[in-house]
Structure formats: C-alpha cells, structure tokens
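Me: I am new to this structure and would like to be led through it with questions and answers, one topic at a time.

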2 protein chains.
Amino acid sequence: MILEVAILDIKQNQEQEFEKAFNRAQKIISSLNGYVSHQLQKCIEKKNRYILLVNWETLEDHTVGFRESKEYQEWRALLHHFYEPLPEVEHYQNVFNNPL
Amino acid sequence: MILEVAILDIKQNQEQEFEKAFNRAQKIISSLNGYVSHQLQKCIEKKNRYILLVNWETLEDHTVGFRESKEYQEWRALLHHFYEPLPEVEHYQNVFNNPL
C-alpha cells in the first residue's frame, strides 16, 4: 500500500469554500480503482494549511490510474484554484506502524 | 484526536541507522499518556525522507506531556542527530475521512 501525502496551502480566507469543494471532490477519488482510504486534516498552527493523506493499493493507481482519468479533470476543476502555491505531492511506503 | 505530522530529512546514507534507532525509539512514545497510534513511512521520491504521523488524544499530550517528559530526552538522544535540517512539527485535526 502507498500513502500519498500533500500539504495544501489555501488562498487566504477561502478555507470554508475549499472544505465545501473538497466534500464534493472526495466522492471522486473514493470511487476509483486502487483507492483504499483518505483523510483531510486541518493544521492547528497555520490556519490556511491542510494535509491530504490518501492510501492507494499501488503507486500507479494514483500516478497513472487517477491522474490520467477524466475524474482527475473534475478534481482539478473543483480544487486546484484554491491552492497557493500548487502543492508538491509525495508518496510513502510503510516502515513501521502501531497498531498494525 | 490530534495528528502530529513531521517530515524527517535524514543525513545522507544514514537511513538504515535511523530506522534501527527509530525501531527502539517508537517504544518510548507508544507507552505515553494520550498516545493513540503512529506510522513511520519512507518517501518514494526522496530516498532520505520519511514522514512520521502520530495520533494523540489531545494537543497537550504531545506538546506538554511528551515534550516535557524524561522520555523525550531519550527520544531526542536516539533520533535528533539523524535530522538535517531539524524538522518542523505540525498538528492537524480531522475534517473529513473515509472510511471512518
């Protein structure tokens, strides 16, 4: 399993609109091949910062399956205009976890 | 519940030693008041990068309970010399997640 991590910095005072748009957008990823689970969490120290964590079965489920899909175009249209700057997305693999 | 997030950049070629030290250090946090769960994951795109995700019951369980404990001194001694730069630690609160 692969963890996608994106730190999302939202344009000033657009947090509420972003959360509404994300609530719609999350239905897009949840339906895709290889999608396992996701979380959107809001930063306590920086009020316009969020972290998006998505578990995918494989790296390619995200980088190919999702990013080359028509659903990705909808996702972008809903969300990308909130970001400043555009986020750098990284992928991680588990080393240790507890509980399993 | 609060999610502690730290992106950890490890000095070049010290990844294996860091993982060994983390394997010992994780027993320290797992025993503390307010600790819920943790994951250490390794970045695919940057080989010396990790992400540490720790769930705590409250913010203070981490920022006061842990950081002012004698256990934190052990944690620092085991891990901090691997970091370059010292990580910025942030805390997040859930907005959306799926599955619950």
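The questions below go from the single chain to the pair of chains and the core.

Me: In which order do helices and strands follow one another along chain A?
Reply: This is a predicted model, and in it the secondary structure of chain A comes to 3 helices and 4 strands. Taken along the sequence, these elements of chain A give the pattern β-α-β-β-α-α-β.

Me: What radius of gyration does chain A have, set against that of a compact globule with 100 residues?
Reply: The C-alpha trace of chain A spans about 35 × 35 × 20 Å along its principal axes, and 25% of the 100 residues of chain A count as buried. A compact globule with 100 residues would have a radius of gyration near 13 Å, and the value for chain A agrees with this, being 14 Å.

Me: How many bridges join strand 1 of chain A to strand 3 of chain A?
Reply: Within chain A, strand 1 pairs with strand 4 in the antiparallel sense over 5 bridges, and there L3(A) has Y92(A) as its bridge partner. Strand 1 also runs antiparallel to strand 3 of chain A, where V5(A) has L53(A) as its bridge partner, and the number of bridges that join strand 1 to strand 3 is 8.

Me: What rotation superposes chain A on chain B?
Reply: In general, two copies of a chain are related by a rotation about an axis and a shift along it. Here the shift along the axis is 0.0 Å and the RMSD is 0.0 Å, with a rotation of 180°. The two copies are thus related as by a two-fold rotation axis, and the same surface serves both, since 100% of the contact residues of chain A recur in chain B. The rotation asked for is 180°.

Me: Which element of chain A gives the most residues to the side that touches chain B?
Reply: In the contact between the chains, 28 residues of chain A meet 28 residues of chain B. The elements of chain A that give two or more residues to this side are strand 1, helix 1, strand 2 and strand 4, and the residues of the side divide into 12 nonpolar, 12 polar and 4 charged. The element that gives the most, with 9 residues, is strand 4 of chain A.

Me: Which residue of chain B stands opposite Y92(A)?
Reply: Strand 4 of chain A is joined by 6 bridges to strand 2 of chain B, and the two strands run antiparallel. In strand 2 of chain B, the residue that stands opposite Y92(A) is C43(B).

Me: Which residues touch the most other members of the largest nonpolar core?
Reply: The largest nonpolar core holds 36 residues, and strand 1, helix 1, strand 3 and helix 3 of chain A, together with strand 1, helix 1, strand 3 and helix 3 of chain B, each supply at least two of them. Leaving aside residues up to four places away in sequence, L52(A) touches A6(A), L8(A), H38(A) and L40(A). The residues that touch the most other members of the core are L52(A) and L52(B).

Me: Is H62(B) buried or exposed?
Reply: H62(B) is found in helix 2 of chain B, and, not counting residues up to four places away in sequence, H62(B) touches I2(B), E4(B), W56(B) and R67(B). A residue with 20 or more other C-beta atoms within 10 Å of its own is buried. Because H62(B) has 23 C-beta neighbours inside 10 Å, H62(B) counts as buried.

Technical notes:
Residues numbered from 1 in each chain as written. Chains lettered and ligands numbered in written order. Predicted model: local features only at pLDDT ≥ 70, side-chain atom pairs only at ≥ 80, totals over all residues. Least-squares fit on C-alpha atoms with pLDDT ≥ 70 in both. Contact = placed C-beta atoms within 7 Å. Core = buried A, V, L, I, M, F, W, Y, C linked by C-beta atoms within 7 Å. Buried ≥ 20, exposed ≤ 12 C-beta atoms within 10 Å, placed from the backbone. Nonpolar A, V, L, I, M, F, W, Y, C, P; charged D, E, K, R; others polar. Pairing = 2+ DSSP bridges. Rg over C-alpha atoms; globule rule 2.2 N^0.38 Å.
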